[in-house]
Amino acid sequence: MSDHHDHGHHGHDVHVTHYSAKDYMIGFALSAILTIIPFWLVMGNVLAPETTKWVILAFAGVQLIMQMMYFLHLNSKAEGGWNMMALILTIVILVIVMAGSIWVMHHMNTNMMPGMGPNSTHDMT
């Protein structure tokens, strides 16, 4: 029988990192914390609405990156660095989507609800 149909190890030096339950629990705890803090900021009226909006966006971005690292295992060592390229692309897309969403929501509020801004003297009663 010939050896050229051997589908075993082809000489590639592949290092597979095995993640433990501890790593997943750390990721879960961080996800919970990064969700609870913005919820508390909104429900407790802790900051001004404009500031709260930006803080929530920052927490969302941090949570996305954290989940990519802990649950999707994207880092600079895996896959010869291609996972890091995927992470960088995700960050670029995240910034575009988040900035675009805020821009659209602001302009929709301004154009569809004139006179209803924070400086308005319009009484709704």
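**Briefing: a three-helix predicted chain**

The chain exposes about 10,200 Å² (Shrake-Rupley method, 1.4 Å probe), and carbon and sulfur atoms supply 69% of that area. This is a predicted model: local features need pLDDT of at least 70, side-chain atom pairs count only at pLDDT 80 or more, and totals for chains, interfaces and linings use all residues. Residues are numbered from 1 along each chain as its sequence is written, and side-chain values use heavy atoms, with hydrogens and water left out.

**Confidence**
- Mean pLDDT (the predictor's confidence in each residue, from 0 to 100) is 80 for the chain, and 77% of residues reach 70 or more.
- Confidence is highest in helix H1 (residues 21-43), at a mean of 92, and lowest in helix H3 (residues 82-112), at 86.

**Fold**
- The chain has three helices and zero strands (DSSP runs: H or I, at least four residues; E, at least two; numbered from the N terminus).
- Its pattern along the sequence is α-α-α.
- Buried residues (under 20% relative accessible area, 1.4 Å probe, protein chains only) make up 15% of the 125 residues.

**Helix H2**
- Helix H2 (residues 49-70) has 22 residues, so at 1.5 Å a residue it should span 32 Å; its end C-alpha atoms are 31 Å apart, which agrees.
- Its buried residues are Thr52, Leu57, Gly61, Gln63, Met66 and Met68.
- H1 and H3 are among what covers them.

**Annotated spans**
- An unreviewed UniProt entry places "transmembrane region" at residues 24-42, 54-72 and 84-104.
- Residues 24-42 are 100% helix, with end C-alpha atoms 28 Å apart.
- Residues 54-72 are 89% helix, with end C-alpha atoms 26 Å apart.

Technical notes
Expected span 1.5 Å × (residues − 1). Buried < 20%, exposed > 50% of the residue type's maximum accessible area, 1.4 Å probe, protein only. Contact = heavy atoms within 4.5 Å. UniProt positions renumbered as here; feature names shortened; annotations may be inferred.
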